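Q: Please take a close look at one part of this model, the largest nonpolar core. Which residues and elements build it?

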Amino acid sequence: MSIIDEDKIREQICEIGKRVYDRGFVVANDGNISVKLGDDEILCTPTGVSKGFMTPDMICKINLKGEVLETNGKNRPSSEVKMHLRVYEERPDVNAVVHAHPPFGTAYAVMNKPLDKPLIPESVILLGEVPVAKYGTPSTEEIPDAISKYLQDYDAMLLENHGALTYSSDLEGAFFRMESLEFYAKITFICELLGDANVLDEEKVKALYSIRKQMNLPGRHPAFSIEEHK
């Protein structure tokens with residue numbers, strides 16, 4: 001990529017970081033964001049810095065082994081970047097990853113409850129279902145190993161007792177999936193408070209899956225086999 005493109009991506013990471021922070025999906029220094037530049041270059045957010053107050057010079061560059069290629073000399077890559085690297089390793093179609101702690105989604109992660117009820121067309125089409133990956137100690141290989149189980153069939157998942165992870169072909173798409181996951185979790189929570197939800201039946205869900213195919217959206221979806229997306 002050209003330097004101009006890289007500069008724009010650094011700015012976009014800061015902008016998405018601000019959105020994540022302003023929406024309350026992270027607090028303090030929580031969360032991390034990354035974007036794949038090329039075959040072996042990744043830009044990622046620094047550790048110990050609020051996502052709402054980053055500047056482009058703080059963004060770090062690493063390779064797919066996690067080795068530091070470039071920093072401003074003050075900031076270091078997020079310690080949870082191992083999770084991002086596993087996504088890029090196993091999903092070559094992915095170019096951006098967002099990890100956050102959205103309150104409603106995280107509550108379901110703490111309860112070890114997947115978001116698997118077909119409640120509204122938008123969530124069925126975009127996300128399908130959101131599974132819960134087994135708990136792993138942050139900054140270790142336990143989380144990458146836990147998420148690996150779901151990477152081929154899902155573009156969003158909850159991390160048990162931790163938060164949420166979304167990814168896409170571009171950064172805005174990864175953020176929109178995080179936003180949609182949290183909205184899905186909030187609607188699910190409200191429905192559970194009100195009583196038995198009027199879930200969409202199998203035929204309606206199949207019709208929505210057909211719409212998704214026609215839309216030719218990027219990524220994977222639990223409704224489709226892996227082979228359809230290779």
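What follows goes through that core and then a helix contact beside one of its residues.

A: This is a predicted model. Its largest nonpolar core has 35 residues. Seven of them touch the most other members: Ile13, Val20, Leu115, Val130, Leu158, Leu171 and Leu181. Both helices and strands supply two or more residues to this core. The helices are H1 (3-22), H3 (103-110) and H6 (171-194). The strands are S1 (32-38), S5 (96-100) and S7 (156-159). H6 is the top contributor, giving seven residues. In soluble globular proteins, nonpolar side chains tend to be buried together.

Now take Leu181. Beyond its neighbours within four places in sequence, Leu181 contacts Leu115, Leu127, Val130, Met157 and Leu158, among others. Its contacts also include Pro102, Gly105, Ala156, Ala164 and Thr166. A second core lies apart from the largest one. That other core has 22 residues, including Cys44, Cys60, Val81 and Val94.

Next, the pair H3 and H6. Their axes come within 7 Å and cross at roughly 70°. The two helices are therefore roughly perpendicular to each other. The crossing of H3 past H6 is left-handed. On the H3 side, the contact uses Pro103, Phe104, Gly105 and Tyr108. H6 meets them with Leu181, Glu182, Ala185, Lys186, Thr188, Phe189 and Glu192. By class, this contact holds six nonpolar, two polar and three charged residues. Leu181 thus appears twice: among the core residues that touch the most other members, and in the contact of H6 with H3.

Key
Residues numbered from 1 in each chain as written. Predicted model: local features only at pLDDT ≥ 70, side-chain atom pairs only at ≥ 80, totals over all residues. Heavy atoms only, no water. Core = buried A, V, L, I, M, F, W, Y, C linked by side-chain atoms within 4.5 Å. Buried < 20%, exposed > 50% of the residue type's maximum accessible area, 1.4 Å probe, protein only. Helix = DSSP H or I, 4+ residues; strand = E, 2+ residues; numbered from the N terminus. Contact = heavy atoms within 4.5 Å. Axes fitted to C-alpha atoms, helices over the stretch in contact; angles between N-to-C directions. Parallel < 35°, antiparallel > 145°, perpendicular 65-115°, else oblique. Left-handed = near helix turned anticlockwise from the far one by under 90°. Nonpolar A, V, L, I, M, F, W, Y, C, P; charged D, E, K, R; others polar.
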